[in-house]
Amino acid sequence: MMEHIFIVSAEDAGNLCVKLMFNDGHQSIVDIGEFIRNHPHPQYNKYLDPNLFRTFVIDDGNIVWGEDWDLIFPVENLYNGKAA
């Protein structure tokens, strides 16, 4: 169990990937584009546009896209370099 692990910062790593920095110093690069392509849904597909993809924010220790959290992933998965 990964208690108290959260994202402290995120950078666009190119090609719909993000570089995530966690509160324990760990870093992961996660291919979010692969998740979107493998799970097509109108709510997700718009983030295949690199300009929209870069609109992510850190909210409550997680990376999210959209005002209503269109995309959000379990922090444990992201820590391990996976979206899902």
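This note goes through the strands and the aromatic residues of the structure above.

1. The model is predicted, so that local features are taken up at pLDDT of at least 70 and side-chain atom pairs count only at pLDDT 80 or more, while totals for chains, interfaces and linings use all residues. Residues are numbered from 1 along each chain as its sequence is written, and side-chain values use heavy atoms, with hydrogens and water left out.

2. Helices and strands are DSSP runs (H or I of at least four residues for a helix, E of at least two for a strand), numbered from the N terminus, and two strands are called paired if DSSP finds at least two bridges between them. Strand β1 (residues 7-14) pairs with β2 in the antiparallel sense over six bridges, and in this pairing Glu11 stands opposite Lys19 of β2. Two residues lie between the strands of this hairpin, where Asn15 takes a positive phi near 55 degrees.

3. Strand β2 also pairs with strand β3 (residues 27-31), again in the antiparallel sense, over five bridges, with Ser28 in β3 as the bridge partner of Leu20. The β2 and β3 hairpin has four residues between its strands, and Gly25 in the turn has a positive phi of about 95 degrees. Five of the six residues of β2 (residues 17-22) are buried, where buried means under 20% relative accessible area, exposed over 50%, and partly exposed in between (1.4 Å probe, protein chains only).

4. An open sheet of three strands follows the order β4-β5-β6 with antiparallel pairing. Because β4 (57-59) and β6 stand at the edges with a single partner strand each, one side of each is left without a neighbour in the sheet. Three bridges join β4 to β5 (residues 62-65), and Val57 stands opposite Val64 in β5.

5. Rings of Phe, Tyr and Trp (its six-membered ring) are taken to pair if their centres lie within 6.5 Å, with planes under 30 degrees apart counted as stacked, over 60 as edge-to-face and the rest as tilted. By this rule there are seven aromatic pairs. Phe35 and Tyr44 form a tilted one, at 5.7 Å centre to centre and 55 degrees between the planes. Phe35 counts as buried because its relative accessibility is 13%, whereas Tyr44, at 22%, counts as partly exposed.

6. Phe35 also forms an edge-to-face pair with Phe73, at 5.0 Å centre to centre and 85 degrees between the planes. This pair links distant parts of the chain, 38 residues apart, with Phe35 in helix α1 (residues 32-38) and Phe73 in the loop between β6 (71-72) and α4 (75-79). Phe73 is buried, with a relative accessible area of 4%. Phe35, Tyr44 and Phe73 belong to one aromatic cluster together with Phe53, Phe56 and Trp65.
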